[in-house]
Amino acid sequence: MPEITITAELPDGSFQPCYSPSPIARKYFKMGQQLTAEEFIRLSRIALSSASDLVEEKIGYSSSLDYCSLPDIERWAGALPPDTPVTIFHVS
């Protein structure tokens, strides 16, 4: 199953790559999309859970790497004020 990376741009100009084990995450994130940090976390939880479920359905077990990405997202995005803008810079 093809995996993708969603790259989020923060207001300070830094970038955060976020791994998804399935392209289903494209359903939730589009290049140029602006979200609050709080919304980014919420959508990441949904997208990565959906991706993991799809991987499990296809190959019989879920991808553990998506769970590694989610704690990272929750750590860095959760450290931001909830209304901080996050821009989806790239989806590949």
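In the predicted model, Ser69 makes contacts with Cys18, Tyr19 and Leu48, when residues up to four places away in sequence are left out of the count. Ser69 lies in helix α2, which spans residues 65–78, and its relative accessibility of 7% falls under the 20% limit, so that the residue counts as buried. The contact with Tyr19 can be described in further detail, as the side chain of Ser69 reaches the backbone nitrogen of Tyr19 at 3.1 Å. Ser69 also lies 7.7 Å from Ser20, C-alpha to C-alpha, although 49 residues separate Ser69 and Ser20 in sequence.

Tyr19 and Ser20 belong to strand β2 (15–20), and this strand is part of an open sheet of four strands, arranged in the order β2-β1-β4-β3 with antiparallel pairing. The edges of the sheet are formed by β2 and by β3 (34–36), each of which pairs on one side only. On average, and with direction ignored, neighbouring strands of the sheet are turned by 35 degrees against each other. Strands of a sheet pair through backbone hydrogen bonds, in either a parallel or an antiparallel manner.

Two of the pairings involve strand β1, which comprises residues 4–9. With β2, strand β1 pairs in the antiparallel sense over six bridges, and within this pairing Tyr19 of β2 is the bridge partner of Thr5; Tyr19 is thus described both by this bridge and by the polar approach of the Ser69 side chain to its backbone nitrogen. The hairpin formed by β1 and β2 has five residues between the strands, and in this hairpin Gly13 adopts a positive phi near 90 degrees. With β4 (residues 85–91), strand β1 pairs over four bridges, again in the antiparallel sense, and here His90 of β4 is the bridge partner of Thr7.

Aromatic side chains provide a further set of contacts, with a count of three aromatic pairs in the model. In one of these, the ring centres of Phe29 and Phe40 are 5.3 Å apart and the ring planes stand at 50 degrees, so the pair is classed as tilted. This pair links distant parts of the chain, since Phe29 is placed in the loop between β2 and β3 whereas Phe40 is placed in helix α1 (residues 37–59), eleven residues apart. Both Phe29 and Phe40 are buried. Ring pairs join Phe29 and Phe40 with Trp76 into a cluster, and Trp76, like Ser69, falls within the residue range of helix α2.

Notes
Residues numbered from 1 in each chain as written. Predicted model: local features only at pLDDT ≥ 70, side-chain atom pairs only at ≥ 80, totals over all residues. Heavy atoms only, no water. Pairing = 2+ DSSP bridges. Axes fitted to C-alpha atoms, helices over the stretch in contact; angles between N-to-C directions. Buried < 20%, exposed > 50% of the residue type's maximum accessible area, 1.4 Å probe, protein only. Contact = heavy atoms within 4.5 Å. Polar contact = N/O pair within 3.5 Å; in protein donor to acceptor, adjacent residues only side chain to side chain. Phe/Tyr/Trp six-rings, centres within 6.5 Å; stacked < 30°, edge-to-face > 60°.
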